[in-house]
Amino acid sequence: MLITSQSNEKIKNIVKLKEKKQRDKLNLFFVEGIDLITEAYKNNCLKELYVLENNEIPFDVNYTYVSKEVMKKISDLESISAYFGICEKKKEQPIGSKIIALDNIQDPGNLGTIIRSACAFNFDTILISDDTVDLYNPKTIRSTKGMIFNMNVIIKKLPEYLKTLKDYDIYGTDVTSGINIKEESFKDKIVIVIGNEGNGISQEVKQMCNKFIYLKMNSSCESLNASVAASIIMYEVNNKWNIF
């Protein structure tokens, strides 16, 4: 089947997935590019595939060919890809033991990068506050480089949920009262909290932290980007665990 009309009903419904409310309503989101689609397929999340005409079908999945004009209509990219996929949102799994918690992160690129780094450095769960940027924002999805399909992501009201993690060490970041991360030993069940880009960790969440750490750095630099700081912290913690 080849769709050539941008007014096709199926195409109009796909375009609506660019809106968060529609993604939430249908429990669907979209991915673009062969790398993201490959990860979605490997993790059984790929529901439909739309392929630019005259390209090969790479997977055994329901597919539809579309014209270049139609692909431009549904794509969220300036330079369209040959592959566009519709995916079901991932089901939340039970919380793990190595957790990165995100308190009101607002930049989709930061969220995606943290998810990618968490996968790289052996954290098994991403716990995000319900006021964090949408997990399925197209920019977030692209920033994960497909690692969203390999991670358990849980969305909760963060202060209340952290209260339930009685047997975890919950670490906030604090350059004045924290311990240098290189001097801390980490047990098996931990939560590392990363705060909002401009305001840091909220007071409500900070009260749930029972330990604090900081990254030693040049005194002329006041702070790091949230995703950079999170990535360095996860790298340092993973080195303590010696997991590779």
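The protein carries 32 positive and 32 negative charges, and the mean positions of these two sets lie 2 Å apart. This value, like the others that follow, is computed from a predicted model.

The overall form may be considered next. The C-alpha trace spans about 60 × 40 × 35 Å along its principal axes. Within these dimensions the chain forms 9 helices and 12 strands. Among contacts with a separation of 6 or more, 75% join residues that stand 24 or more positions apart in the sequence.

The surface and the interior can then be described. The protein has 244 residues, and 49% of them count as buried. Its accessible surface comes to about 12,400 Å², and carbon and sulfur atoms account for 45% of that area.

With this general picture in place, the reader may turn to a single residue, E184. It is located in the loop that connects β10, residues 179-180, with β11, residues 190-194. Is E184 buried or exposed? Its relative accessible area is 12%, and because the term buried applies to values under 20%, E184 is classed as buried.

The surroundings of E184 can also be named. When its neighbours within four places in sequence are left aside, E184 is in contact with Y171, I179, K211, I213 and K240. One of these residues, Y171, also takes part in a polar contact: its side chain pairs with the side chain of E184 at 2.6 Å. Thus E184 is a buried loop residue whose side chain makes a polar contact with that of Y171.

How values were computed: Residues are numbered from 1 along each chain as its sequence is written. This is a predicted model: local features need pLDDT of at least 70, side-chain atom pairs count only at pLDDT 80 or more; totals for chains, interfaces and linings use all residues. Side-chain values use heavy atoms; hydrogens and water are left out. Helices (H or I, at least four residues) and strands (E, at least two) are DSSP runs, numbered from the N terminus. Buried means under 20% relative accessible area, exposed over 50%, partly exposed in between (1.4 Å probe, protein chains only). Contact means heavy atoms within 4.5 Å. Accessible areas come from the Shrake-Rupley method with a 1.4 Å probe; for residues, only the protein chains shown count as cover. Lys and Arg count as positive and Asp and Glu as negative; His and the chain ends are not counted. The place of a charge is taken as NZ of Lys, CZ of Arg, CG of Asp or CD of Glu. A polar contact is a pair of N or O atoms within 3.5 Å; within protein, one must be able to donate a hydrogen and the other to accept it, and residues adjacent in sequence count only if both atoms are side-chain atoms.
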